[in-house]
Every structure is written in structure tokens, then in C-alpha cells.
Amino acid sequence: MSDNSINGKKIKAVMGWDIGDGDSVAFIKLLTEKDSKPVSLYLHKSRDQQVEPSAVAKSKSGVITIGKDAGEKREFVINFKRSPRNWDSTSSLGVPCRQHMSDYIRGVSENILQNSSNRSGSMRQVIMQDSKGDMHWKKDG
């Protein structure tokens, strides 16, 4: 769209994810800069890795762990990608596949925010730090 908006809301950036059967990657492209190129993002909060295994674990207390670290947990799901028509089927853990996908996306999003290597260049325009030092996605008012 030439005006960089959808339903009257301005779009500053587009993030694209390839959630693969084995690994996942993410890129961001600023729409506010005509010549900007997609920039790859680091998916792990403490390692500079642009590729992360497509695995997710969620503790009973709700803590989400993704990637290699998920495989170290006792209960985790790997290769959970399903077509939308199969999202309501359950995994071997008895949880709907839709929930695993949602947890994985939430975990990757949080890790992208927390990885300091993502805080330069393009990302500075779409993330912010609160008074406690936590990183958040900027939202238009």
C-alpha cells in the first residue's frame, strides 16, 4: 500500500517469519524508509542466532521456552506446524496444536525483544524500553 496504512492505522514495519518444520527465521522491513532492505532478526534472547529450532515448551506455571532450550525441558513439542484445518487436533501432550503455535509465536516475539543485538538500526523504530528496563513493541496511540 502506498500510504503505509491498513484500516487507517499507520504501519511502520513488517515482520516476516518462516516457521519451518525444523527451523524458523524472522526478518523485519521498515516501510517508512523507501530503500530499506529486510534485516534478519536474532530469535534467541541470549544467543546471536538467526535460525532457531521450531520447538516449544511451556511449564505448568506458563513460562514459554523455545528452540534448543525447549528440547532440554521434560515436556516439549517439536515439528508442531499444522495447516489451519488441523489446528484443533491435539499433540502428544494433549494440547491443541493451535495453542502450541500461539505459544511459539509469543516466545519468539519475546526473544526478539530481549536480544540486545536486535536493538540497533531498524528495530529502534519499532521497540521501546519501559521504566523497568523491559522491552516492548511500540504501539500507535
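# Exercises on salt bridges and a pocket

R47 and D69 are joined by a salt bridge in which the closest N and O atoms are 3.6 Å apart. Keep this pair in view as you work through the exercises, and remember that the model is predicted.

**Exercise 1. Find which parts of the chain the R47–D69 salt bridge ties together, and decide whether R47 and D69 are buried or exposed, or in between.**

Solution, step by step:

- Start with the distance: the closest N and O atoms of R47 and D69 are 3.6 Å apart, and the cut-off for a salt bridge is 4 Å.
- Next, place the residues. R47 sits in the loop between β5 (39–40) and β6 (52–53), while D69 belongs to helix α1 (residues 67–71), so the salt bridge ties together parts that are 22 residues apart in sequence.
- Now look at accessibility. R47 has a relative accessibility of 25% and counts as partly exposed. D69, with a relative accessible area of 23%, is partly exposed.
- For orientation, a search of the whole structure finds three salt bridges.

**Exercise 2. Work out which residues are linked with D103 in a network of salt bridges, and where they lie.**

Solution, step by step:

- Begin with K58, whose side chain meets that of D103 in a salt bridge at 3.4 Å, N to O. This pair links distant parts of the chain, with K58 in strand β7 (residues 55–58) and D103 in helix α2 (residues 97–114), 45 residues apart.
- Then turn to R106. D103 forms a salt bridge with R106 too, and here the closest N and O atoms are 3.9 Å apart. D103 and R106 are three residues apart in helix α2, so about one helical turn separates them.
- Put the two pairs together: K58, D103 and R106 are linked in a network of salt bridges.
- Finally, compare the surroundings. D103 is buried, with a relative accessible area of 3%. K58, at 38% relative accessibility, counts as partly exposed, and R106 is partly exposed at 48%.
- As background, side chains of opposite charge can pair when their charged atoms come close.

**Exercise 3. Describe the surroundings of H44: where does H44 lie, and which residues does H44 touch?**

Solution, step by step:

- Locate H44 in the loop between β5 and β6; R47, from the first exercise, lies in this loop as well.
- Check accessibility: H44 has a relative accessible area of 3% and is therefore buried.
- Look for a polar partner. A polar atom of the H44 side chain lies 3.1 Å from the backbone nitrogen of S46.
- List the contacts. Leaving aside residues up to four places away in sequence, H44 touches Q49, E52, D69, N111 and N115. Among them is D69, the partner of R47 in a salt bridge.

**Exercise 4. Characterise the second largest pocket: how much space lies in it, and which element gives the most to its lining?**

Solution, step by step:

- Take the volume: about 190 Å³ of space lies in the second largest pocket.
- Go through the lining, which consists of H44, K45, G62, V63, I64, T65, I66, D69, R106, G107, E110 and N111. You have already met H44, D69 and R106, which are among these residues.
- Assign the elements. β8 (64–66) and α2 are the elements that give two or more residues to the lining of this pocket, and α2 gives the most, with four residues.
- Sort by character: three lining residues are nonpolar, five are polar and four are charged.

**Exercise 5. Contrast two serines, S54 and S61: which is buried and which is exposed?**

Solution, step by step:

- S54 has its place in the loop between β6 and β7, and S61 is found in the loop between β7 and β8.
- S54 is buried, with a relative accessible area of 1%, whereas S61 is exposed, with 65%.
- Each serine has a partner to find. The S54 side chain reaches the backbone oxygen of D23 at 3.4 Å, and the side chain of S61 makes a polar contact with the side chain of S59 at 2.9 Å.

**Exercise 6. Step back to the whole protein: how many helices and strands does the protein have, and in what pattern?**

Solution, step by step:

- Count the elements: there are two helices and eleven strands.
- Follow the sequence, and the pattern reads β-β-β-β-β-β-β-β-α-β-α-β-β.
- Consider burial next: 30% of the 141 residues count as buried.
- End with contacts. Among those between residues at least 6 apart in sequence, 41% join residues at least 24 apart.

How values were computed
Residues numbered from 1 in each chain as written. Predicted model: local features only at pLDDT ≥ 70, side-chain atom pairs only at ≥ 80, totals over all residues. Heavy atoms only, no water. Buried < 20%, exposed > 50% of the residue type's maximum accessible area, 1.4 Å probe, protein only. Polar contact = N/O pair within 3.5 Å; in protein donor to acceptor, adjacent residues only side chain to side chain. Contact = heavy atoms within 4.5 Å. 1 Å grid on protein atoms, 1.4 Å probe; cavity = no way out; pocket = protein on both sides within 12 Å on 5 of 7 lines; lining within 4 Å. Points joined across faces, edges and corners; volume = space filled by probe spheres on them. Nonpolar A, V, L, I, M, F, W, Y, C, P; charged D, E, K, R; others polar.
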